[in-house]
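Welcome to this guided tour. Keep your viewer open, and select each stop as we reach it.

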Amino acid sequence: MALRKITVEDNVYRYKCMNGFGLNTEIATFEITIFLDSYKQSPLKINFVTWEDLYAGNPLKTGVKLIRLSTKEEEFVNLNRPKYIRECILYGLKMGWNGKNKIESIDGLKMLMSLGYDVSFLYPKEGVIMVHGKEYLK
């Protein structure tokens with residue numbers, strides 16, 4: 001998959017979005033990997049662990065209406081859109097990533113909550129799961 005390009009605050013970044021799901025489970029992942037241009041060894045990884053619909057797929061890949069708690073209005077959120085990639089970069093910068101350093105993978109649902117969205121219905125239906133060695137709770 002070719003890396004896409006985005007410029008945020010005068011810096012050029014490359015990114016890719018990948019999704020997957022566990023066999024025989026309703027748990028799905030959507031991972032956004034972002035690199036500061038020319039720094040492929042220190043990516044920002046944001047993992048969104050949610051449910052998978054047999055017909056509609058991963059809600060964050062295909063798009064889903066989320067309620068912004070401050071306004072109580074619905075917003076259609078599709079993480080493939082550059083608007084949300086920009087938000088991921090800004091959140092990563094706020095969490096201490098500068099593109100040249102490594103940080104732990106970020107919980108994407110927590111990031112969406114920090115942006116003011118109600119993500120409660122996006123959590124997997126049961127239990128604790130592991131993604132890249134990190135626990136994500138319902």
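## Stop one: salt bridges

The model in front of you is predicted, and four salt bridges are counted in it. As background, side chains of opposite charge can pair when their charged atoms come close.

Start by selecting D37 and R14. These two form a salt bridge, and their closest N and O atoms are 3.2 Å apart. Now look at where each partner sits: D37 is in the loop between β3 and β4, while R14 belongs to strand β2. The pair links distant parts of the chain, 23 residues apart. Colour by accessibility if you like: D37 is partly exposed at 31% relative accessibility, and R14 is partly exposed too, at 27%.

Next, select E31 and K45. Here the salt bridge has its closest N and O atoms 3.8 Å apart. E31 is in strand β3 and K45 in strand β4, so this bridge ties together parts that are 14 residues apart in sequence. Which of the two counts as buried? It is E31, with a relative accessibility of 10%. K45, at 33%, is partly exposed.

For the last pair at this stop, pick E75 and K83. The closest N and O atoms of this salt bridge are 3.0 Å apart. Add R68 to your selection as well: salt bridges that share partners join R68, E75 and K83 into one network. Within it, E75 is buried, with a relative accessible area of 17%, whereas K83 is partly exposed at 39%.

## Stop two: the nonpolar core

Now move to the largest nonpolar core, which has 32 residues. Select I32, I34, F48 and L112, the residues with the most contacts inside this core. Which elements each supply at least two of its residues? They are β1 (4-8), β2 (11-21), β3, β4, β5 (64-68), α2 (82-94) and α3 (108-114). Helix α2 gives the largest share, five residues.

Stay with F48 for a moment and show its surroundings. Leaving aside neighbours within four places in sequence, F48 is in contact with a list of residues that includes A28, T29, F30 and I32. Also among its contacts are L60, L79, C88, M111 and L112.

## Stop three: aromatic rings

The count of aromatic pairs in this model is three. Select W51 and F121 to see one of these pairs. The ring centres lie 6.4 Å apart and the planes meet at 45°; the pair counts as tilted because that angle is neither under 30 degrees nor over 60. Follow the chain from one ring to the other: W51 is in strand β4 (residues 44-51), and F121 is in the loop between β8 (117-118) and β9 (129-131). The two are 70 residues apart, and their pairing links distant parts of the chain. Is each ring buried or partly exposed? W51 is buried at 17% relative accessible area, and F121 is partly exposed at 41%.

One more ring deserves a click: F35. K40 lies over its face, 5.9 Å from the ring centre.

## Last stop: a loop serine

Finish by selecting S42, in the loop between β3 (27-36) and β4. Is S42 buried or exposed? With 5% relative accessibility, S42 counts as buried. To see what surrounds this residue, show W97, G99, K100, N101 and K102: S42 touches each of them, not counting residues up to four places away in sequence.

Methods. Residues are numbered from 1 along each chain as its sequence is written. This is a predicted model: local features need pLDDT of at least 70, side-chain atom pairs count only at pLDDT 80 or more; totals for chains, interfaces and linings use all residues. Side-chain values use heavy atoms; hydrogens and water are left out. Rings of Phe, Tyr and Trp (its six-membered ring) pair if their centres lie within 6.5 Å; planes under 30 degrees apart count as stacked, over 60 as edge-to-face and the rest as tilted. Helices (H or I, at least four residues) and strands (E, at least two) are DSSP runs, numbered from the N terminus. Buried means under 20% relative accessible area, exposed over 50%, partly exposed in between (1.4 Å probe, protein chains only). A charge sits over a ring if NZ of Lys or CZ of Arg is within 6 Å of the ring centre and within 35 degrees of the ring normal. Contact means heavy atoms within 4.5 Å. A nonpolar core is a set of buried Ala, Val, Leu, Ile, Met, Phe, Trp, Tyr and Cys residues joined through side-chain atoms within 4.5 Å. A salt bridge is a side-chain nitrogen of Lys or Arg within 4 Å of a carboxyl oxygen of Asp or Glu.
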